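Please look over the structure shown here before reading on. The briefing is written for someone who has not met it before.

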Protein chains: 2
Amino acid sequence: MAKQISDKVINRLTLYHCILSDYLDNKREFISSGQIAQLLKIDDSQVRKDINLLNKSGKCRVGYIVKELKVSIEKTLGFAKTKKAFIIGAGNLGSALAKYDNFTDYGLNILALFDSDKKKIGKTVNNKVIFDMSKLENLVKKSGVDIAILTVPRDYAQLTANYLVKRLNFKYIWNFTPVVLDVPDDVQVWNENLMGNFLQFTYHI
Amino acid sequence: MAKQISDKVINRLTLYHCILSDYLDNKREFISSGQIAQLLKIDDSQVRKDINLLNKSGKCRVGYIVKELKVSIEKTLGFAKTKKAFIIGAGNLGSALAKYDNFTDYGLNILALFDSDKKKIGKTVNNKVIFDMSKLENLVKKSGVDIAILTVPRDYAQLTANYLVKRLNFKYIWNFTPVVLDVPDDVQVWNENLMGNFLQFTYHI
């Protein structure tokens with residue numbers, strides 16, 4: 001049975017997963033908790049504790065079997081349970097996220113982008129079409145997508161969120177705008193608080 | 001005297017700061033902890049506890065004075081202590097970050113971008129010039145910049161990091177690539193682990 005996994009552990013497990021992908025690319029078969037710990041500059045015992053939460057660790061005499069540990073993280077974090085999302089706002093950030101191929105490996109399937117700039121409509125980014133915002137309602141009904149990745153300019157953030165939530169019934173917003181959105185209680189917003197992250201990083205400089 | 005402030009508190013304070021900026025834009029003078037709590041769907045007492053960590057809260061009979069609370073957060077988190085950075089990799093993500101005007105308010109001054117694509121060199125993004133990578137060494141010496149925002153493609157991430165750290169002596173890397181970088185112990189890397197963030201958000205869906 002899956003144990004309860006905290007946000008911090010989820011975050012670390014995805015970083016372990018990045019390392020394992022690199023190891024596989026370089027055809028390295030085994031990895032030790034110490035090697036992972038050193039790359040992330042965290043404690044060896046922390047890595048072992050996290051890996052012990054997985055159902056199957058792939059542990060062997062010389063460390064962990066890279067391929068098995070990777071699959072085990074994927075199973076535990078539910079990478080196979082694909083989540084479909086639309087990107088709202090096809091500017092630089094929206095386009096960058098659409099190009100981020102890694103998302104697919106992690107079970108995030110970005111189906112399309114939406115924008116209101118006529119010059120962008122009909123173009124593609126990484127094989128994903130940019131549609132006019134007016135098409136969103138219809139495509140939401142057809143696809144059942146309820147995760148929106150919000151990358152519109154600051155001044156349109158709340159207005160767009162209102163439309164997504166009240167009119168189209170989106171339940172999850174991954175918010176990349178620097179605006180704290182005002183939404184009903186049954187809607188989950190994840191604020192990608194870039195500035196907060198930066199300040200955590202540089203606070204002690 | 002400044003109290004020790006944890007990463008989580010720093011993160012929340014920057015979100016409060018976003019809310020306060022919005023309130024100021026809308027010419028609203030007062031805000032209650034309950035209003036902040038409701039927008040972020042967190043506990044009222046949590047907000048009050050965080051605000052109590054500030055040297056001056058701007059508390060008055062009808063709540064907090066928006067302008068004073070905002071300045072107090074800025075002082076506590078050191079927004080005035082400007083940090084200079086270069087963006088390495090002028091693709092979509094690098095360009096999006098260069099356009100993110102909010103950074104300046106928070107004390108992050110992005111001076112320029114660097115890329116090796118000849119078609120991009122000499123262009124500007126948000127008034128910041130894109131230079132050839134070959135100019136980086138000289139400009140680092142002139143400017144004293146030691147924070148790199150790394151937005152190169154995955155396959156160049158470690159190579160570029162090696163160059164930044166070993167040759168140019170960068171001490172801080174804000175890493176937007178999906179690669180866990182192998183750097184010496186005296187270099188700090190902040191992994192902007194987008195996928196980890198997404199999984200925290202969607203793990204329970």
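What follows is a short overview, and then points grouped by topic.

This is a predicted model, and its chains A and B meet through 44 residues of chain A that are in contact with 45 residues of chain B. Chain A is superposed on chain B by a rotation of 180 degrees with 0.0 Å of shift along the axis, at an RMSD of 0.0 Å. The two copies are thus related as by a two-fold rotation axis.

**Chain A as a whole**

- Chain A contains 9 helices and 10 strands, and its C-alpha trace spans about 60 × 40 × 35 Å along the principal axes.
- Of the 205 residues in chain A, 45% are buried.
- Among the contacts in chain A with a separation of 6 or more, 52% are between residues that are 24 or more positions apart.
- Chain A is divided into domain 1, covering residues 7-77, and domain 2, covering residues 83-196, and the C-alpha centres of these two domains of chain A lie 32 Å apart.

**Where the two chains meet**

- The contact between the chains involves 44 residues of chain A and 45 residues of chain B, and on the side of chain A that touches chain B at least two residues each come from helix H1 (7-25), helix H2 (33-40), helix H5 (92-99), helix H6 (102-105), strand E9 (172-175), strand E10 (188-191) and helix H9 (194-202) of chain A.
- The residues on that side of chain A divide into 24 nonpolar, 12 polar and 8 charged.
- With the 180 degree rotation that superposes chain A on chain B in mind, the C-alpha in chain A nearest the axis is that of A:Asn92, which lies 2.5 Å from it.
- The same surface serves both copies, since 100% of the contact residues of chain A recur in chain B.

**Helix H5 in each chain**

- Helix H5 of chain A is mostly covered, with 7 of its 8 residues buried; these are A:Asn92, A:Leu93, A:Gly94, A:Ser95, A:Ala96, A:Leu97 and A:Ala98.
- The cover over the buried residues of H5(A) includes strand E4 (83-88), strand E5 (108-115), strand E6 (124-125), strand E7 (128-132) and strand E8 (147-150) of chain A, together with H5 of chain B.
- Helix H5 (residues 92-99) of chain B is likewise mostly covered, with 7 of its 8 residues buried, and B:Asn92 and B:Leu93 are among them.
- For H5(B), what covers the buried residues includes H5 of chain A as well as strands E4, E5, E6, E7 and E8 of chain B.

**A three-stranded sheet in chain B**

- Chain B has an open sheet of 3 strands in the order E1-E3-E2, with antiparallel pairing, and its edge strands, E1 (30-31) and E2 (59-60) of chain B, each pair on one side only.
- E1(B) and strand E3 (residues 63-65) of chain B run antiparallel and are joined by 2 bridges, and B:Phe30 has B:Ile65 in E3(B) as its bridge partner.
- Helix H4 (residues 66-77) of chain B lies across E1 and E3 of chain B, and it runs at about 70 degrees to E3(B).

**Two buried residues**

- A:Asn191 belongs to strand E10 of chain A and is buried, because 22 other C-beta atoms lie within 10 Å.
- Leaving aside neighbours within four places in sequence, A:Asn191 is in contact with A:Asn175, A:Val180 and B:Leu15.
- A:Asn191 and A:Phe176 are 15 residues apart along the chain, while their C-alpha atoms are separated by 6.5 Å.
- B:Leu136 is found in helix H7 (residues 136-143) of chain B, and this residue is buried because 21 other C-beta atoms lie within 10 Å.
- Leaving aside neighbours within four places in sequence, B:Leu136 is in contact with B:Phe114 and B:Leu168.
- B:Leu136 and B:Asp105 are 31 residues apart in sequence, and the distance between them in space is 25 Å, C-alpha to C-alpha.

How values were computed:
Residues are numbered from 1 along each chain as its sequence is written. Chains are lettered from A and ligands numbered from 1 in the order in which they are written. This is a predicted model: local features need pLDDT of at least 70, side-chain atom pairs count only at pLDDT 80 or more; totals for chains, interfaces and linings use all residues. Two residues are in contact if their C-beta atoms, placed from the backbone, lie within 7 Å. Helices (H or I, at least four residues) and strands (E, at least two) are DSSP runs, numbered from the N terminus. Ala, Val, Leu, Ile, Met, Phe, Trp, Tyr, Cys and Pro count as nonpolar, Asp, Glu, Lys and Arg as charged, and the others, Gly among them, as polar. Copies are superposed by least squares on the C-alpha atoms of residues with pLDDT of at least 70 in both. Domain bounds come from an automatic or database domain assignment. A residue is buried if 20 or more other C-beta atoms lie within 10 Å of its own, exposed if 12 or fewer, and partly exposed in between; C-beta atoms are placed from the backbone. Two strands pair if DSSP finds at least two bridges between them. Axes are lines fitted to C-alpha atoms, for helices over the stretch in contact, and angles run from 0 to 180 degrees between N-to-C directions.
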